[in-house]
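Today I turned to the charged side chains and looked up which of them pair up, and where in the fold they sit.

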Amino acid sequence: MKKNYLMLLLVIMILSFVGCTNDEEEVIRMGFVPMKDGDKLIESVQPLADMLSDELGVKVEAFTATNYVGVVEGLGSGQVDFGFIPPFAYVLANKENNAQVILTAINKHGQSNYRSQFLVMNDSDIESFDDIRDKKVAFVDPSSTSGYLFPGAHLKGEGIDLDNDIQYVYAGGHDKALQLLLNGDVDVATTFVDSRERYQKDFPEALEATTVLGYTKDIPNISVTVRGDMDDDMQEKIQNALLTVSETEEGSALLKELFNMYGFTEATDEDYEVIRVTAEQMNVDLRE
C-alpha cells in the first residue's frame, strides 16, 4: 500500500513538473523600445499582448527595454521572441544574431517609410544648416535611426563635422528631444516627422513655437523582428496574428495610440539595405 502511494506521488510530481515546463515553453515575449515614456509604455502595451495571446493561443508577455539596444540583446539571448524595433536596431540584430524582419509598419498615408526633421525655435537665428555650426543639437539615441543615424548623415552631407562643428546630447526619446528644445536647453532637436503632432498633448505649444529647418531622406519604418532561430511556422503565425489584430477596431486604435502605426505590410531584409549604407556613411561599425 505504501509502495503504491509513493509511486502515485512520484507520478503526480512528474506530471506537475512536465506541466510547469510546458507552461514556460508556451510563453512568447514581445519586446519594445522606449518610443515614449518607458513606465507608461509598460502599462499601455498589455492590451496588445492580450489580443495577440488570443490570436496565437499562446500567452504573450510584454518586455520594455530601457534603450534600443536592449531589445536587440534580448533577441540574441532568447529573452525576446519578437520585437518592435527601429530600422537601425533591426540591422544590428540581423548582424549580431541573424534576427529576421517579418513586417514593416505603415503610416497614416499608407507608406512604409518616413523621415527625420530638424526643429528650431521660431525666434532662433538658425535659418540654414550652415547656421548650426557652434550650436547645440539634441539627438535621440546613438542607436536611433531617425533620431541620430539619418540626421547625423544629413549634417555630414551638409559639410558639418559632428565632433568639431557642433555640440550634441542624446535626449533618450523623441519626446525628450522636443522638450529639450522647448526648454531652451538645445538649439536644434532631431525627431521623426511630425513629433509635434504626436506629442501635442504633452507639448501643445510645440507646433506654433517651432519651425522645421529641413528633412532627411526616406527611412524604412519601425520593423517587427523575430529572433534568428525561430522556426518558419511560428514566424508566420506571429506575422498573421499582428496583421489580423491591426485590422480590428480595437487593435488599430491601440497601435495608433501607442506607436502611431496604421497597420503593417510584409517586409524583407533587402528593404533595410539603405540603413547599412547610411551606417557606413556615418562610420558605424556594425560588428561593434
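I began with R276, which is buried, at a relative accessible area of 17%, in what is a predicted model. I found that its side chain meets that of E273 in a salt bridge, at 3.2 Å from N to O. Both residues belong to helix 12 (residues 273-281), where they are 3 residues apart, about one turn of the helix. I noted that E273, unlike its buried partner, is partly exposed, with a relative accessible area of 40%.

I then looked for shared partners, and found that R29, K59 and E61 are joined into one network by salt bridges.

I counted salt bridges over the whole structure and wrote down 12.

Next I asked which residue R227 pairs with. The partner is D81, and the closest N and O atoms of this salt bridge are 2.7 Å apart. The two come from distant parts of the chain, 146 residues apart, with R227 in the loop between strand 12 (223-226) and helix 10 (232-246) and D81 in the loop between helix 4 (68-77) and strand 3 (82-85). I checked whether D81 is buried or exposed; because its relative accessibility is 8%, D81 counts as buried, the cut-off being under 20%.

Last, I looked up K135, which forms a salt bridge with D125, the closest N and O atoms being 3.4 Å apart. Both lie in the loop between strand 6 (116-121) and strand 7 (136-139), so this pair ties together parts that are 10 residues apart in sequence. I recorded D125 as exposed, because its relative accessible area is 53% and the cut-off for exposed is over 50%.

Technical notes
Residues are numbered from 1 along each chain as its sequence is written. This is a predicted model: local features need pLDDT of at least 70, side-chain atom pairs count only at pLDDT 80 or more; totals for chains, interfaces and linings use all residues. Side-chain values use heavy atoms; hydrogens and water are left out. A salt bridge is a side-chain nitrogen of Lys or Arg within 4 Å of a carboxyl oxygen of Asp or Glu. Helices (H or I, at least four residues) and strands (E, at least two) are DSSP runs, numbered from the N terminus. Buried means under 20% relative accessible area, exposed over 50%, partly exposed in between (1.4 Å probe, protein chains only).
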